[in-house]
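The following report describes one protein model together with its ligand. Please read it alongside the sequence and the coordinates.

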Amino acid sequence: MAGRRIEMGVIGRPHGVRGLVHLHSYAADPAALPGYGPFETEDGRRFTLRWVRTGVAELTELVDGDRHVVADRNAAERLVNVRLLVDRARLPAAGAEEFYLADLVGLAAFAPDGTPLGRVDTVHDYGAGASLEIGALLVPFTRACVPEVDIAAGRVVVVPPHEIVVAPAEAGQALEARDIRAAATDRHRTVDDTPFGGGAGMVMRPDIVDAALAAARGGSADLRPAVFLTPRGRKLTQAMVREFAAGPGLVVLCGRYEGIDQRVVEARGLQEISIGDYVLSGGEPAAIVLLDACVRLLPGVMGAAESAEEESFSAGLLEYPHYTRPAEWQGRRVPDVLLSGHHGAVAAWRRAEAERITRERRPDLWAAFQRGVRETGLHGTAVASPAGAS
Ligand code: SAM
């Protein structure tokens, strides 16, 4: 791949009157971006950059060994949407199961039966998963949709998303609801008793809950983890949902009253999970939340229109905002960049919005995202693994 260039950033609108620019970095750690320079542009110019604050840079053009700082707004204006490229050979090798997005562009795409589908025209990455544009097809860069990538042979195998959408029943979903009272032994079908140590409310008995769990399980060959929904549990996250969805299924225990005797929770190794910092009257609505979050990730449930790869939490960022027609509604215009037809600029805007929203609304997620970036040292949107790779 020597001689190929990777887009490491794109210049945005001017900032102030002194030639500073907003700049979107495709490096996982934007702070490291200047170190990849000097950057080339498509028309053969060369630039270095220096961050002056987050997302705002000073550019210096290199001309015959001389350095010219971009020092006024007009010069900066002329650089809007200019892509900053570096030679592929200067970047570290991508790891196993990782690909530089630029290496995917131009690959010949084939359906699993060998039918040619065209070439990868563009790779979109909005910060939460990449998609390959192949003619009129937009294919999520996931294991399910792109099961084979052979850079050396210059080809990818693509399963168009609509072909992997199957009816929920075919996707192997099954839900069995059970009544814990069926495990009761008295004629009143009692499942609870007063708490030891006193206090308000009732507690569900361990022997009854245990019998109900045993009845729900298919014996020792049943490997499904069991979950107890409780406000005291670990808070449900998309990562946990992904893990559950990839597993053999779940046995979910819903509490009522004050909750369940702790001994059965411990004895049966129940994972205690909360859906949020509030108290419901029973675990059933929480079970529906958990169920819905898992089912939509099962293979074949979602089509291209609803790709899980581009959603909030999937890559540690909240999702960017969405807009559709009309372009102007009640005096509010869709952001110009979305109407520009410039894929790089759209990607840059979406990524910047995802980062801004995450930073503003969820400092906890933002801190975790930045930690992940520092620890993996990956080149952000310049590198992607097919989602779903183990
Ligand atoms: N005494 C419990 C406490 O303060 O932690 C609250 C019990 S709540 C009234 C009854 C049941 O609703 C719980 O056992 C649990 O199954 C369910 N539940 C309530 N809030 C929940 C939440 N945020 N996440 C998961 N389950 C919840």
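The report moves from the chain as a whole to the strands, a helix and the ligand shell.

The model is a predicted one, in which local features need pLDDT of at least 70 and side-chain atom pairs count only at pLDDT 80 or more, while totals for chains, interfaces and linings use all residues. Residues are numbered from 1 along each chain as its sequence is written.

**Overall make-up**

The chain holds eight helices and 23 strands, where helices (H or I, at least four residues) and strands (E, at least two) are DSSP runs numbered from the N terminus. Of its 390 residues, 31% are buried; a residue counts as buried if 20 or more other C-beta atoms lie within 10 Å of its own, as exposed if 12 or fewer do, and as partly exposed in between, with C-beta atoms placed from the backbone. Among contacts between residues at least 6 apart in sequence, 65% join residues at least 24 apart, a contact being two residues whose C-beta atoms, placed from the backbone, lie within 7 Å.

**Strand pairing**

Two strands are taken to pair if DSSP finds at least two bridges between them. The table lists pairs that involve β5 (residues 56-63).

| Strand joined to β5 | Bridges and sense | Bridge partners |
|---|---|---|
| β2 (residues 20-25) | two bridges, antiparallel | His22 and Val56 |
| β4 (residues 46-53) | six bridges, antiparallel | Thr48 and Thr60 |
| β6 (residues 66-69) | four bridges, antiparallel | Val63 and Asp66 |

The hairpin of β4 and β5 has two residues between the strands, and in it Gly55 takes a positive phi near 80°. In the hairpin of β5 and β6, which has two residues between the strands, Asp64 takes a positive phi near 50°.

An open sheet of four strands runs in the order β10-β9-β15-β14 with mixed pairing. Its edges are formed by β10 (116-119) and β14 (148-150), each of which has a single partner strand, so one side of each is left without a neighbour in the sheet. Within this sheet, β9 (residues 108-110) and β15 (residues 155-157) pair in the parallel sense over three bridges, and Phe110 stands opposite Val157 in β15.

A further open sheet, of three strands with parallel pairing, has the order β19-β18-β20. Here β19 and β20 (271-274) stand at the edges with a single partner strand each, so one side of each lacks a neighbour in the sheet. β18 and β19 run parallel and are joined by four bridges, with Phe228 standing opposite Leu253 in β19. Helix α6 (residues 284-295) packs on the sheet and touches β18 and β19.

**Helix α3**

Helix α3 (residues 206-216) has Ile208, Val209, Ala212 and Leu213 as buried residues. Seen down the axis of α3, these buried residues fall within an arc of 135°, so they line one face of the helix; the arc is that of the directions from the helix axis to the C-beta atoms. They pack against β17 (203-204), β18, β19 (251-254) and α5 (262-267), whereas the face of α3 turned away from its buried side carries the exposed residues Ala214 and Ala215.

**Ligand shell**

The ligand is surrounded by 19 residues, the closest being Leu229, Gly255, Leu280, Gly283 and Ala286; a residue is near a molecule if its C-beta atom, placed from the backbone, lies within 6 Å of it. Strand β18 (residues 226-235) supplies the largest share of this shell, four residues. By type, the shell divides into eight nonpolar, eight polar and three charged residues, where Ala, Val, Leu, Ile, Met, Phe, Trp, Tyr, Cys and Pro count as nonpolar, Asp, Glu, Lys and Arg as charged, and the others, Gly among them, as polar.

Conventions: Axes fitted to C-alpha atoms, helices over the stretch in contact; angles between N-to-C directions.
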